[in-house]
Amino acid sequence: MTAPDLTSTVAVVGAGTMGQGIAQVALVAGHRVLLHDAVPGRASAAVEAVTARLDRLVEKGRLGTEERAAALARLAPAATVADLAPARLVVEAVVEDLAVKQALFAELEQVVADDCLLATNTSSLSVTAVAGRLRRPGRLVGLHFFNPAPLLPLVEVVAGAAGDPAAVTAAFDVAAAWGKTPVRCTDTPGFLVNRVARPFYAEALRVYEERAADPATIDAVLRGSGGFAMGAFALTDLIGQDVNEAVTRSVWEAYGRDPKFGPSLAQRRLVESGRLGRKTGRGWFPYGPAHAAAEVAAATEPHTADAAMAPEYVTLRGSLGPAAELAALAAEARVEVRRQEAVPGAPDGFVLPGGVTLRLADGRLPGEPSIQFDLALDYRAAARVAIAPGAGVHADAVAAATGLFQAMGKEVSVIRDVPGMVVARTVAMLVDFALDAVAREVASAHDVDTAMRLGVNYPLGPLEWGERISLPYVRDLLDGLHAWYPTGRYAPSPELRRRAAAAPPVVCS
């Protein structure tokens, strides 16, 4: 089986938003495209919608008028499945129901040629199960586009357990020919992106459930310190709380309720209340004209500490590890940085006047009074830093820590003292999930990082991020979390332990 060339007919079954987007991608690439939907009249309406999409591209100068006319001449609705017989590739984008998809492909198999490639755009069902009732299950692959399909570059090419390698290669080549960035992955729950991305949502929800901070502050820290384009709460409001929670629950169930994938009770209650996000006008935050501007502003405003005086000096004891850049930033802010060797039994970090240590979050809550600060993607570029005073820390020390970061040009959010804080625990879990996926041959390291950058717009691939902050730091942070929450959720994966043991030691305790 080979990839259909651009003279071949492509059929798309399912004329909803995703089906229309896939049809547009194939059409602009040069194929003749047939659109079919089981609901009478919907395919014709989808053709009109795709026409309007192409018109907008012409208005924006992204498509020529002659290209538009040629593309529309190649687009047609198909009234029945039998009308799809000429197709060399059929992409299914119907409802996420296994029985419906199985029945559709069984019908298609009776219509199309034996060398026709079959693809499902499912995001949550097993590709193996979808193909399971076919006479030739090997020719069905997963071709998972991300919404909106014409704009987002990533396509997950998923090989089922009975998948023919030639069919997988053909699907990969098709996606590449359409201008997409395909990545290969095996048929595991959540595939690649939805599997590895679970901690981004889950850890923010855990921090909220422990009442360490409110949603607006957690999101602000993820953006301003972690470098993420959106915070977890705003993003799940955009996705739809019901959709996001259903994916989390599906992956959790598929992995035998492994605590690493456990869903959030707080999110479940939000779904039960009907607050599904932007589409209902309210989720974690309010949306739309039904809510007063003052209400929206209050709900989305993060906690930001008042202005405070920076200390005249700090003493850097030992190493700051992944936060080493802070020593230079403090000096540039005209705060004297004195040096001290590491002290056995004492945490490394900045010792503030008065003796309280300001230390990088490492998954532990030490016995002596100290203040944690969160991990940042790039401390020089970070707009915000979160700090968390431990028990017994006086307000003067909190003010000094706040003033120190403000002198570096950062906004400061003071949150409750929880192990791993916000960014550090989120990134550590993403790194661990990514390493585990590579070890289990879900995808290659290159494809994991590519998928997470393009599929969910992470500032770095998790594996690259782990190398930057050091795998021993990631392992030790998760060990600290595991000691604090001994459920297995935070236990480092065997692959993380192997790689961290082989890495050069990093002192950042």
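This passage describes the sheet, the nonpolar cores and the salt bridges of a predicted model.

An open sheet is built from eight strands, arranged in the order 3-2-1-4-5-6-7-8 with mixed pairing. Strand 3 and strand 8 (181–186) occupy the edges; each has a single partner strand, so one side of each remains without a neighbour in the sheet. From one strand to the next, the twist averages 25 degrees. At one end of this order, strand 7 (residues 154–159) pairs with strand 8 in the parallel sense, over six bridges. Within this pairing, V158 has C185 of strand 8 as its bridge partner.

Helices lie across the strands of this sheet. Helix 2 (residues 42–59) lies across strand 2 (32–36) and strand 3, and runs at about 160 degrees to strand 3. Helix 6 (residues 165–177) lies across strand 4, strand 5, strand 6 (140–145), strand 7 and strand 8, with an angle of about 155 degrees to strand 8. Edge strand 8 is thus named both in the parallel pairing with strand 7 and among the strands crossed by helix 6.

In soluble globular proteins, nonpolar side chains tend to be buried together. In the present model, the largest nonpolar core comprises 128 residues, and L326, I371 and F373 have the most contacts inside it. Helix 16 (residues 423–439) supplies the largest share of this core, with twelve residues. Leaving aside residues up to four places away in sequence, L326 touches L320, F350, F373, Y379, F405 and M408. Apart from this core lies another, of 38 residues, which includes A23, L117, V168 and V174.

Side chains of opposite charge can pair when their charged atoms come close. Across the whole structure, 27 salt bridges are found. One of the pairs joins R88 to D115, with the closest N and O atoms 4.0 Å apart. R88 belongs to the loop between strand 3 (75–78) and strand 4 (89–92), and D115 to the loop between helix 4 (98–109) and strand 5 (117–120); the pair therefore ties together parts that are 27 residues apart in sequence. Both partners are partly exposed, R88 with a relative accessible area of 22% and D115 with a relative accessibility of 40%.

A further salt bridge links E203 and R425, whose closest N and O atoms are 3.0 Å apart. Because E203 lies in helix 8 (residues 198–209) and R425 in helix 16, this pair ties together parts that are 222 residues apart in sequence. E203 is buried, at 1% relative accessibility, and R425 is likewise buried, with a relative accessible area of 0%. Helix 16 accordingly contributes R425 to this salt bridge as well as twelve residues to the largest nonpolar core.

E325 and R380 also meet through their side chains in a salt bridge, at 2.7 Å from N to O. E325 is located in helix 14 (residues 325–332) and R380 in the loop between strand 13 (370–373) and strand 14 (384–389), so that parts 55 residues apart in sequence are tied together. The relative accessible area of E325 is 33%, which places this residue in the partly exposed class; R380, at 40% relative accessibility, is also partly exposed. Elsewhere, E245, R249, R268, R269 and E272 are joined into one network by salt bridges that share partners.

Notes. Residues numbered from 1 in each chain as written. Predicted model: local features only at pLDDT ≥ 70, side-chain atom pairs only at ≥ 80, totals over all residues. Heavy atoms only, no water. Core = buried A, V, L, I, M, F, W, Y, C linked by side-chain atoms within 4.5 Å. Buried < 20%, exposed > 50% of the residue type's maximum accessible area, 1.4 Å probe, protein only. Helix = DSSP H or I, 4+ residues; strand = E, 2+ residues; numbered from the N terminus. Contact = heavy atoms within 4.5 Å. Pairing = 2+ DSSP bridges. Axes fitted to C-alpha atoms, helices over the stretch in contact; angles between N-to-C directions.
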